[in-house]
Amino acid sequence: MTARSIAIAIAMLAAVLLPTTPAHATYGPPQQVYLQLVSDDGQGLQLARAEGTVAFDDGNRRYTFNVNVCWQRAYPAPNFDVYINDVWQSVGYSTGPTAPGCQLTLRVYSANDVTHGDIVRNIRFQLTGGWFDRQGQYRSRTKSTPYYDNPFN
């Protein structure tokens, strides 16, 4: 064998044995997320607000979102939940500087380029917050966004 034929054989063997680089997800346009949680006892207290974006990839198994949750007048801190295909998902958050209109702090929830074990059909976000009504009774309320449907399936 010549040096050239050995080099070609090694290159062909390497192409077969070495793992290929995974394809990167191509995301569709981001969809706007907005949810305002207001008390339902006639006081109209703004309890919490969630806003940001969510996007799906064209392979139907990946998603990304970045949602800021403004803690307004809820007591205690509001809960923020994420549902993928109607199944609750644990998501983390980080705190940031206080945003305008937020009484205490801004919470930033994000999931970047997450691979789901199944086809991602939709994502829904939910806020729960509590307050004291005019009679001093503690109340709570939950509100969800509409479903954000994956445009690729």
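## A walk through the strands

Let's start with a pair of strands: β8 (residues 122–132) and β9 (residues 138–144) run antiparallel and are joined by seven bridges. Keep in mind as you look around that this is a predicted model. If you want to find one spot in the pairing, look for Gly-130, which stands opposite Ser-140 in β9. The hairpin that β8 and β9 make has five residues between the strands, and there Gly-136 takes a positive phi near 85°.

Now stay with β8 but turn to the inside of the protein. In soluble globular proteins, nonpolar side chains tend to be buried together. Here, the largest nonpolar core has 26 residues, and those that touch the most other members are Val-54, Tyr-63, Phe-65, Phe-80, Ile-123, Phe-125 and Leu-127. Which elements give two or more residues to this core? They are β1 (31–38), β2 (46–56), β3 (62–71), β4, β7 and β8.

Take Ile-123 as an example of how contacts reach across the chain. Leaving out residues up to four places away in sequence, Ile-123 touches Val-54, Phe-56, Tyr-63, Val-82, Tyr-83, Ile-84, Pro-146, Tyr-147 and Tyr-148.

You may have spotted quite a few ring-bearing names by now. The model has eight aromatic pairs. In one of them, the rings of Tyr-63 and Phe-65 have centres 6.2 Å apart and planes at 0°, so this pair is stacked. Are these two buried or exposed? Tyr-63 has 6% relative accessibility, so it counts as buried, because the cut-off for that is under 20%. Phe-65 is buried too, with a relative accessible area of 2%.

Another pair is Phe-80 with Tyr-109: their ring centres are 4.5 Å apart, but the planes sit at 40°, so the pair is tilted. Because Phe-80 lies in strand β4 (residues 79–84) and Tyr-109 in strand β7, this pair ties together parts that are 29 residues apart in sequence. Phe-80 is buried at 8% relative accessible area, and Tyr-109 is buried at 4%. Step back, and you can see ring pairs linking Tyr-63, Phe-65, Phe-80, Tyr-93, Tyr-109, Phe-125 and Tyr-148 into a cluster.

Rings can have other partners as well. The charged end of Arg-124 sits over the ring of Tyr-83, 4.3 Å from the ring's centre.

Next door to Tyr-109 in the numbering is Val-108, which also has its place in strand β7 (residues 106–115). How exposed is Val-108? With a relative accessible area of 23%, Val-108 is partly exposed, because buried would need a value under 20%. Beyond residues up to four places away in sequence, Val-108 touches Asn-66, Val-67, Asn-68, Gly-92, Tyr-93 and Ser-94. You can also check how folding brings parts of the chain together: Val-108 and Ala-50 are 58 residues apart in sequence, yet 9.3 Å apart in space, C-alpha to C-alpha.

Finish in a loop. Asn-85 lies between β4 and β5 (87–89), and with a relative accessible area of 12% it is buried. Where does the side chain of Asn-85 reach? It goes to the backbone oxygen of Ile-119, at 2.8 Å. Not counting residues up to four places away in sequence, Asn-85 touches His-116, Ile-119, Val-120, Arg-121 and Asn-122. That last contact takes you back to strand β8 (residues 122–132), where the tour began.

How values were computed: Residues are numbered from 1 along each chain as its sequence is written. This is a predicted model: local features need pLDDT of at least 70, side-chain atom pairs count only at pLDDT 80 or more; totals for chains, interfaces and linings use all residues. Side-chain values use heavy atoms; hydrogens and water are left out. Helices (H or I, at least four residues) and strands (E, at least two) are DSSP runs, numbered from the N terminus. Buried means under 20% relative accessible area, exposed over 50%, partly exposed in between (1.4 Å probe, protein chains only). Contact means heavy atoms within 4.5 Å. Rings of Phe, Tyr and Trp (its six-membered ring) pair if their centres lie within 6.5 Å; planes under 30 degrees apart count as stacked, over 60 as edge-to-face and the rest as tilted. A charge sits over a ring if NZ of Lys or CZ of Arg is within 6 Å of the ring centre and within 35 degrees of the ring normal. Two strands pair if DSSP finds at least two bridges between them. A polar contact is a pair of N or O atoms within 3.5 Å; within protein, one must be able to donate a hydrogen and the other to accept it, and residues adjacent in sequence count only if both atoms are side-chain atoms. A nonpolar core is a set of buried Ala, Val, Leu, Ile, Met, Phe, Trp, Tyr and Cys residues joined through side-chain atoms within 4.5 Å.
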